[in-house]
Amino acid sequence: MSIERTNATDSDEPSGANAPNRTTGERAAGATDASDLDASDLDAEGLVLGYPTAPEPVVDGASIAAEPGAVTALVGPNGSGKSTLLKGLANQLAPEDGSVLLDGRDVHSMDTKALARKLGLLSQESTSPDSITVEDLVHHGRYPHRGFFERTTEADARAVDRAIELAGCGHLRDREVGSLSGGQKQLAWIAMVLAQDTDVLLLDEPTTFLDLHHQMEVMEIIETLRDESDVTVVVVLHDIEQAARLADRMVALKDGEIRARGAPGEVVTEELLADVFRVDTDVVQTENGPRVTPLRARHEGSE
Amino acid sequence: MSGERSAVGGGASTSRSAGTDRFGWLLDPKLVSVAVGSLAVVVVAGLVQVSFGAYSMTVGEAWRAVLDPAVLLDPRWLLNFLVGEELMRAITGFQGELPELSHGTLIVWNIRLPRVIVGAIVGMNLGVSGAIFQAVTRNELASPFILGVSSGAGLMILLTLVVFGGLSAFLPLIAALGGAVAFLIVYAIAWKNGTSPVRLVLAGVIVGTVFGSLQTALFFFADDIGVVQSAIQWTTGSLTGTDWAQVRLALPWTVVAVLLSIAGSRQLNLLLLGEQTAKSLGMSIERVRFALSGVAVLAAAASIAVAGIVSFVGLIVPHMVRNLVGSDYKRLIVGCLFVGPALMVAADVGARLGMSVLTGADAQIPVGIVTGLVGGPYFLYLMRRRQNMGEL
């Protein structure tokens with residue numbers, strides 16, 4: 001199963017399993033046949049996404065394939081279309097062109113609940129009534145697994161327990177969401193999306209605004225998911241170093257186009273950061289992944 | 001770190017088993033006390049209503065009339081009231097004269113008790129309707145009439161009374177239908193590849209403004225003071241003159257609306273998490289939103305058909321209940337079924353007897369005036385006590 005494909009310009013490639021494997025990533029070889037295993041495969045082709053109020057599409061012809069059972073990080077400056085791309089992948093935004101295939105099926109034609117059983121999305125800003133308890137919030141994650149009149153089952157309770165444990169918010173279980181700190185809230189929301197028990201998980205800036213401790217908590221949760229449950233994760237991250245440490249693959253976006261993709265070592269380079277983020281940096285490879293030291297912002301015409 | 005995590009998680013993992021009783025949540029102590037308290041208010045206010053009036057009795061006499069075994073133990077009389085004489089005869093096959101009732105019992109059961117029951121039904125409908133609309137628009141200040149229902153109904157009431165006087169026998173149905181049609185117009189205006197709470201509220205304002213103007217214009221053309229008074233009664237909400245016919249008219253729709261809203265409480269809870277979350281959990285949000293709004297309009301229309309446009313009840317009741325039992329919609333809806341009637345029946349005491357107590361004049365005022373007088377200060381109290389209001 002091929003993982004990487006370049007932009008829509010050469011999207012005449014056959015979609016699906018026979019596309020040539022252009023990646024040099026170490027995990028990619030191992031994951032070649034992953035679609036036969038449990039891990040799910042999310043594959044977007046020539047995606048054009050926009051909002052009705054904006055004349056220009058925000059994402060213009062992006063093709064992206066999330067490696068099954070691996071973590072793919074989306075990075076890029078503000079307004080580069082990361083969140084929009086994520087919404088497109090989750091069928092929250094109908095594409096103007098292109099398609100998203102989840103295990104070979106077009107997400108747009110899938111029943112919404114069936115899709116929500118396979119693919120979970122945690123948006124950037126989630127709101128809830130203050131008086132709801134963490135446990136009740138997490139129970140909402142079971143929504144797609146229940147029929148209109150069905151009550152909660154043993155399986156629901158197990159999934160909720162597991163999600164709460166995995167997200168490390170057992171001690172918050174009976175607290176009201178309104179009384180939690182930002183970091184604790186985020187853990188509660190992550191537990192909710194984990195209770196959804198999906199094969200694919202899309203996370204939109206799950207670590208933004210969190211303190212270091214909670215950032216690490218979130219990263220550890222994602223690592224656990226990948227290592228133990230074979231979940232395919234696509235995560236938008238602002239912190240390049242964090243993304244490089246966490247992700248198996250990175251995709252860099254700018255102005256709605258994919259500028260680079262590949263293993264973190266290939267993507268996080270001084271040239272790319274200069275191009276995509278318009279900063280001069282000093283990138284040093286360390287055993288904990290690349291270390292990026294920003295030097296100065298580039299201004300128009302300074303090149 | 002991870003060791004602590006799993007220990008904590010594991011310890012709490014069995015705190016709620018899946019087999020929680022399906023109706024266990026009903027026994028929530030707060031909900032039970034809300035229900036008991038509200039019932040007490042309904043009973044006391046109801047007793048005041050059946051005791052006083054042109055034919056006054058003592059509370060003891062009123063009690064005895066309400067609990068008169070000649071009615072309560074006679075299914076023919078009960079059916080006669082609840083489903084009407086014809087149906088009663090069809091069901092029981094009884095053709096003779098019904099046994100005679102005492103004077104007090106007749107007055108209580110024929111005139112005063114049905115008014116209390118209609119009030120309770122209206123309170124339930126408005127409370128549930130308001131609760132649903134507050135979730136659908138994710139706005140605490142939403143009322144059953146936020147999506148144009150009241151303006152549609154009001155316009156049709158005026159049209160019927162002023163222009164098509166011959167149709168006034170069908171006024172209740174015309175008013176309810178007018179409200180429903182206005183709601184559909186609001187939805188159509190708000191729709192553009194789907195809709196959103198803000199668009200819906202804005203469309204409601206648009207339709208409300210236009211219909212409100214037309215309604216006022218029609219007032220201008222009414223030349224009979226009786227017509228104007230009747231129109232005011234309908235557009236501010238009144239229980240004057242309601243009897244068993246109104247109970248029969250509203251009860252079936254109320255039962256349907258209440259059952260549907262309880263069934264939909266999980267969807268309502270999910271709507272509170274925001275459109276994005278609801279969508280990513282697989283809810284077909286437009287369908288659910290329209291269906292739930294439809295249920296709320298049904299409830300509001302049922303109350304309009306029997307009592308006109310009673311303001312504020314649908315706005316305050318969900319608020320009070322939310323303060324008491326929390327924002328979980330299962331409990332909220334059930335709470336509204338008790339608090340709504342309590343507020344409405346108590347307010348109707350003021351509407352029916354207030355003027356005669358205050359001025360000695362034997363006049364009734366529309367109950368909507370009393371609910372407005374109570375509702376304003378309640379919101380003032382909320383505003384003072386709480387930092388932020390508005391978004392749910």
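# Notebook: a predicted two-chain model

**Entry 1: the end of a helix.** I began just past H5 of chain A, where A:Gly168 follows the helix with a positive phi, near 65°. I kept in mind that this is a predicted model. Next I checked the length of H5(A), which covers residues 154-166. At 1.5 Å a residue, its 13 residues should span 18 Å, and the end C-alpha atoms are indeed 18 Å apart, so the two values agree. Then I went looking for burial along this helix. Near its start, A:Asp156, A:Ala157, A:Ala159, A:Val160 and A:Asp161 are among the buried residues. Further along, A:Ala163, A:Ile164, A:Glu165 and A:Leu166 are buried as well.

**Entry 2: chain A as a whole.** I stepped back to see what surrounds that helix. Chain A has 10 helices and 12 strands. Of its 303 residues, 52% are buried. I also looked at contacts between residues at least 6 apart in the sequence of chain A: 67% of them join residues at least 24 apart.

**Entry 3: the four-stranded sheet.** In what order do the 4 strands of the open antiparallel sheet in chain A run? I read E2-E1-E4-E5, with antiparallel pairing. Strand E2 (59-66) and strand E5 (105-106) of chain A are at the edges; each has a single partner strand, so one side of each has no neighbour in the sheet. I then picked out one pairing to follow. Strand E1 (residues 42-49) and strand E4 (residues 97-102) of chain A run antiparallel and are joined by 5 bridges. A:Leu42 sits opposite A:Leu102 of E4(A).

I also wanted to know what covers this sheet. Helix H2 (residues 82-89) of chain A lies across E1, E2 and E4 of chain A, and its direction is at about 120° to E1(A).

**Entry 4: the six-stranded sheet.** The other sheet I traced in chain A is open too, with 6 strands in the order E6-E7-E8-E3-E9-E10 and mixed pairing. Here strand E6 (119-122) and E10 of chain A stand at the edges, and each has a single partner strand, so one side of each is left without a neighbour in the sheet. From one strand to the next, the twist averages 15°. H7(A) packs on this sheet, where it touches strand E3 (71-75), strand E7 (200-204) and E8 of chain A. The direction of H7(A) makes about 155° with that of E8(A).

At the E10 edge I followed the hairpin. Strand E9 (residues 249-254) and strand E10 (residues 257-262) of chain A pair in the antiparallel sense over 5 bridges. One pair I noted is A:Leu253 with its bridge partner A:Ile258 in E10(A). The hairpin has 2 residues between the strands, and in it A:Asp255 takes a positive phi near 50°.

**Entry 5: more positive phi values.** That aspartate made me curious. Most residues other than glycine have a negative phi. Where else in chain A did I find a positive phi in a residue other than glycine? A:Asp230 has one, near 55°, and this residue lies in the loop between helix H7 (212-229) and strand E8 (232-236) of chain A. A:Asp103 also has a positive phi, of about 50°, although it is not a glycine; its place is the loop between E4 and E5 of chain A. Are these two buried or partly exposed? A:Asp103 counts as partly exposed because it has 16 C-beta neighbours inside 10 Å. A:Asp230 has 16 such neighbours inside 10 Å too, and therefore counts as partly exposed.

**Entry 6: chain B.** My last stop was the other chain. Chain B comes to 18 helices and 0 strands. Its radius of gyration is 23 Å, close to the 21 Å that the globule rule gives for 392 residues, so chain B is as compact as a globular protein of that length. Along the principal axes, its C-alpha atoms fill a box of roughly 80 × 50 × 50 Å. I found 48% of the 392 residues of chain B counted as buried.

The domain assignment gives chain B domain 1 (50-101) and domain 2 (117-345). Over C-alpha atoms, the centres of these two domains are separated by 32 Å.

I finished on one residue, B:Leu87, which is found in helix H6 (residues 85-92) of chain B. With 13 other C-beta atoms within 10 Å, B:Leu87 is partly exposed. From its C-alpha atom to that of B:Ala188, 101 residues apart along the chain, I noted a separation of 40 Å.

Conventions. Residues numbered from 1 in each chain as written. Chains lettered and ligands numbered in written order. Predicted model: local features only at pLDDT ≥ 70, side-chain atom pairs only at ≥ 80, totals over all residues. Buried ≥ 20, exposed ≤ 12 C-beta atoms within 10 Å, placed from the backbone. Pairing = 2+ DSSP bridges. Contact = placed C-beta atoms within 7 Å. Axes fitted to C-alpha atoms, helices over the stretch in contact; angles between N-to-C directions. Expected span 1.5 Å × (residues − 1). Rg over C-alpha atoms; globule rule 2.2 N^0.38 Å. Domains from an automatic or database assignment.
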